[in-house]
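Student: Could you take me slowly through one part of this structure, beginning with a single residue and then following the contacts outward? I would like to know what each term means as it comes up.

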Amino acid sequence: MQRIAQVIKVRPEKLAEYRELHRAVPEPVLARLRACQIANYSIHLLGDRLFSYFEYHGEDLAADLAAMAADEATREWWKLTDPCQEPVPEAGPGDWWTPMERVFLME
């Protein structure tokens with residue numbers, strides 16, 4: 001199992017909309033996450049930063065993320081959520097959600 005932590009900025013003028021969208025995530029989007037072997041997924045907010053955490057239980061994260069990106073329901077969901085977000089200044093080329101470095105883990 002891989003633990004994945006990422007960060008992105010939320011546009012302040014879109015924060016209420018972003019919260020509202022996540023009160024009712026469409027079931028096909030949740031089903032695709034599960035089909036991509038993602039579990040224990042959460043998004044947290046601090047100021048203008050969104051922090052996501054999930055556990056990946058598969059063998060090929062890149063392939064599962066590609067399947068997610070090809071999913072019609074997920075693409076429609078991203079059309080709603082992407083305008084609420086913007087990459088953090090620390091983002092690398094091509095990053096949307098930027099990976100975070102784990103500095104501590106207690107199991």
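Tutor: Tyr 41 lies in strand β2, where strands (E, at least two residues) and helices (H or I, at least four) are DSSP runs numbered from the N terminus. The model is a predicted one, in which local features need pLDDT of at least 70 and side-chain atom pairs count only at pLDDT 80 or more, while totals for chains, interfaces and linings use all residues. Residues are numbered from 1 along each chain as its sequence is written, and side-chain values use heavy atoms, with hydrogens and water left out.

With a relative accessibility of 38%, Tyr 41 counts as partly exposed; buried means under 20% relative accessible area, exposed means over 50%, and partly exposed is what falls in between, using a 1.4 Å probe and protein chains only. If we set aside its neighbours within four places in sequence, Tyr 41 is in contact with Leu 33, Ser 52, Tyr 53 and Phe 54, contact meaning heavy atoms within 4.5 Å.

Phe 54 deserves a closer look. The structure holds one aromatic pair, and because the rings of Tyr 41 and Phe 54 have their centres 5.6 Å apart and their planes at 90°, this pair is edge-to-face. For such pairs, the rings of Phe, Tyr and Trp (its six-membered ring) must have centres within 6.5 Å, and planes under 30 degrees apart count as stacked, over 60 as edge-to-face and the rest as tilted. Tyr 41 is in β2 (residues 38–46) and Phe 54 is in strand β3 (residues 49–56), so the pair ties together parts that are 13 residues apart in sequence. The C-alpha atoms of Tyr 41 and Phe 54 are separated by 4.1 Å. Whereas Tyr 41 is partly exposed, Phe 54, at 6% relative accessibility, counts as buried.

Strand β2 also contains Asn 40, which has a positive phi of about 50° although it is not a glycine. Asn 40 is partly exposed, with a relative accessible area of 49%. Another residue of this kind is Gln 37, which lies in the loop between α2 and β2 and, without being a glycine, has a positive phi near 65°. The relative accessible area of Gln 37 is 34%, which makes it partly exposed. As background, most residues other than glycine have a negative phi.

From β2 and β3 we can move on to helix α3 (residues 61–70), whose buried residues are Leu 61, Asp 64 and Met 68. Seen down the axis of α3, these buried residues fall within an arc of 70°, so they line one face of the helix; the arc is that of the directions from the helix axis to the C-beta atoms. A helix can have such a face because an α-helix has 3.6 residues a turn, so residues three or four places apart point the same way. Ala 62 and Ala 70, on the other side of α3, are exposed. The buried residues of α3 pack against β1 (2–10), α2 (27–35), β2, β3 and α4 (72–81), and β2 and β3 are the strands that hold Tyr 41 and Phe 54.

Helix α4 can be read in a similar way. Its buried residues are Thr 74, Trp 77 and Thr 81, and, seen down the axis of α4, they fall within an arc of 60°, so they line one face of that helix. Among the parts that cover them are α1 (15–21), α2, α3 and β4 (85–86).

Finally, consider how α3 and α4 meet. Their axes, 5 Å apart, are at an angle of about 75°; here axes are lines fitted to C-alpha atoms, for helices over the stretch in contact, and angles run from 0 to 180 degrees between N-to-C directions. That makes α3 roughly perpendicular to α4, since angles of 65 to 115 degrees count as roughly perpendicular, under 35 as roughly parallel, over 145 as roughly antiparallel and the rest as oblique. In this contact, Met 68, Ala 69 and Ala 70 of α3 meet Glu 72, Thr 74, Arg 75 and Trp 78 of α4. Thr 74, at 2% relative accessibility, counts as buried, and, leaving aside neighbours within four places in sequence, Thr 74 is in contact with Val 29, Arg 32 and Met 68. Arg 32 lies in helix α2 and, at 24% relative accessibility, counts as partly exposed.
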